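Please read the following with the sequence and the model side by side. The text moves from one loop to its surroundings, and then to the helices.

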Amino acid sequence: MDSPRLRSALDQVPAYVAGQPPTPREGQTVYKVSSNENPYPPLPSVLDVIRERAAEVNRYPDMGVTALTDALAAFLDVPREQVATGTGSVGVLGQIIQATCDAGDEVVFAWRSFEAYPIVVAVAGARSVQVPLTADFRHDLDAMAAAITDRTKVVLVCTPNNPTGPAVTHTELQDFIAAVPSHVLVVVDEAYLEFVDGQDAVDGLALRREHPNVVVLRTFSKAYGLAGLRVGYAVAAEPVAQALRKTATPFGVNHLAQAAAVASLAAKGELDERVRRIVAERARVIDGLRAAGWDVPQSQANFVWFPLGERTAEFVAACDAAGLSVRPYGTDGVRVTIGEPEANDRLIEVATTFATA
C-alpha cells in the first residue's frame, strides 16, 4: 500500500530547537534562561484584562484584529492599512514568505541568525542563502547585498541579531537598503528593538516610510512579556500589508492575545521601566563576564552570546549543574537570556569558574 505523498520540500525543513526547561534540583532554585523570555510576569493591569476576556473564549476572536490594529496604528503613528498582525513575529514572518516566495526563489539572511528563518523558507519551497556573520558576530551587509540574485525575493535583517546580540546601525542599514533592488523585500526584524541603547540605533519606521520595499517586523513576546500568547505584527506598504493579511491564519490572534497587547501598549511607561532594569542587568552581566576574561559581543538584546566552539556542550553541562538551562547552538556557542538578578549572578559565577578551568 502506498504511503500518503507529502511535499518533497519538507525534507529540507530543519527542526526548530526550543529552549529547554531547567533540570529540577532538590534544595536549589533553578532558572530557565534559554528562551529569551521576559523574567517579569505580565503587569497587573494586563492580567486583569486577560481575566476579564477569558470569559469570552467560547466565541471566535475578531478575525480583523480590529482593536489591536487600531491601537498599533495610533501608537506607531502609521495608517492602519499598513499594519498586519499574526501569531508572534515568527508567524508574521511565515506570512511574508508565503506572500512573496514561490518554489526555487531565494531568501538572503545572515547566519547564524534566528533559527526560524531557514524553517519558514524551506516550508515555502524557497532556498535559503546564508551569509556568514563577521568575525565580531555582526551582519556583513556588504556580503548580503552581493548575495542578491535575480531569484532573490526577500532579505532578512535581524537587529539586534539573535543569537549573537549586536545590532546594525541606522546608517549601515540605510546604505544597505539603497543597494538592494527595489523589487526585493527587506524585512527588518526588530524582535528585540526595545532593548537597544546603542548609538545610531535603527529607526525602522523611518526607513519604511522612505522605502516601499521595507517591512518592519515586531513582537509582543519579549519586552512586553506576552510570549505565551503569541502576537506580533508588521508595518509595511499597503499592498504588502494586504498580502500579509491574506496569508494569515484565520482567527490566529485570539481574544486574550489581542486584549493583552492593547493593554500593554497602554501601559508603555511601566513596561519601559522593566526594560530599563533588564538593560541595566545586561550591562552588569557583560561587565562581569569581561572582567572574568570573556570576549563576549556587545549585545543590544536581552541575552548574551558565548562563542564557545567545541566547548559548547561542556559549558551547557556546567550551567545545568548550577541550575541554569541555557541554549546551545551546535558547536557555535551558547546564548543565555538576561533573567532574574539571582540567575544572572549564578551565570557570572559559572562563567568565571569555567574561564579559569
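Buried means under 20% relative accessible area, exposed means over 50%, and partly exposed is what lies in between, with a 1.4 Å probe and protein chains only. This is a predicted model, in which local features need pLDDT of at least 70 and side-chain atom pairs count only at pLDDT 80 or more, while totals for chains, interfaces and linings use all residues. Residues are numbered from 1 along each chain as its sequence is written, and side-chain values use heavy atoms, with hydrogens and water left out.

Begin with the loop between strand S7 (214–219) and strand S8 (232–235), where Lys222 lies. Helices (H or I, at least four residues) and strands (E, at least two) are DSSP runs, numbered from the N terminus. UniProt, in an unreviewed entry, lists Lys222 for "modified residue: N6-(pyridoxal phosphate)lysine"; its positions are given in the numbering used here, feature names are shortened, and annotations may be inferred rather than shown by experiment. Lys222 has 17% relative accessibility and therefore counts as buried. Contact means heavy atoms within 4.5 Å. Not counting residues up to four places away in sequence, Lys222 touches Ser35, Asn36, Asn38, Ala191, Tyr192 and Phe195.

Ser35 and Asn36 also appear among the contacts of Thr337, a residue of strand S12 (residues 333–337). Thr337 is buried, with a relative accessible area of 2%. Beyond its neighbours within four places in sequence, Thr337 is in contact with Val33, Ser34, Ser35, Asn36, Glu37, Asn302, Phe303 and Asn344.

Ala227 is in the loop between S7 and S8 and, at 28% relative accessibility, counts as partly exposed. Its C-alpha is 9.4 Å from that of Asn36, although the two are 191 residues apart in sequence. Leaving aside neighbours within four places, Ala227 is in contact with Phe220 and Ser221.

Val231 is found in the loop between S7 and S8, and its relative accessibility of 0% makes it buried. What does Val231 touch, not counting residues up to four places away in sequence? The list is Leu68, Gly86, Thr87, Gly88, Thr219, Phe220, Ser221, Val253, Ala257 and Ala261.

Leu68 and Ala261 lead to a helix pair, with Leu68 in H2 and Ala261 in H9. Two packed helices are described by the angle between their axes and the distance between the axes. The axes of H2 (residues 66–76) and H9 (residues 255–266) come within 9 Å and cross at roughly 20°. H2 is therefore roughly parallel to H9, a term for angles under 35 degrees. Axes here are lines fitted to C-alpha atoms, for helices over the stretch in contact, and angles run from 0 to 180 degrees between N-to-C directions. On the H2 side, Thr66, Ala67, Leu68, Ala71, Leu72 and Phe75 meet Gln258, Ala261, Val262 and Leu265 of H9. By class, this contact of H2 with H9 has eight nonpolar, two polar and no charged residues; Ala, Val, Leu, Ile, Met, Phe, Trp, Tyr, Cys and Pro count as nonpolar, Asp, Glu, Lys and Arg as charged, and the others, Gly among them, as polar.

The last element is helix H4 (residues 116–123), with seven of its eight residues buried, so H4 is largely enclosed by the rest of the structure. Those buried residues are Ala116, Tyr117, Pro118, Ile119, Val120, Val121 and Ala122. They pack against helix H3 (88–100), strand S3 (106–111), strand S4 (127–132), strand S5 (152–158) and strand S6 (185–189). H4 is followed by Gly125, whose phi is positive, near 80°.

Technical notes. Angles under 35 degrees count as roughly parallel, over 145 as roughly antiparallel, 65 to 115 as roughly perpendicular and the rest as oblique.
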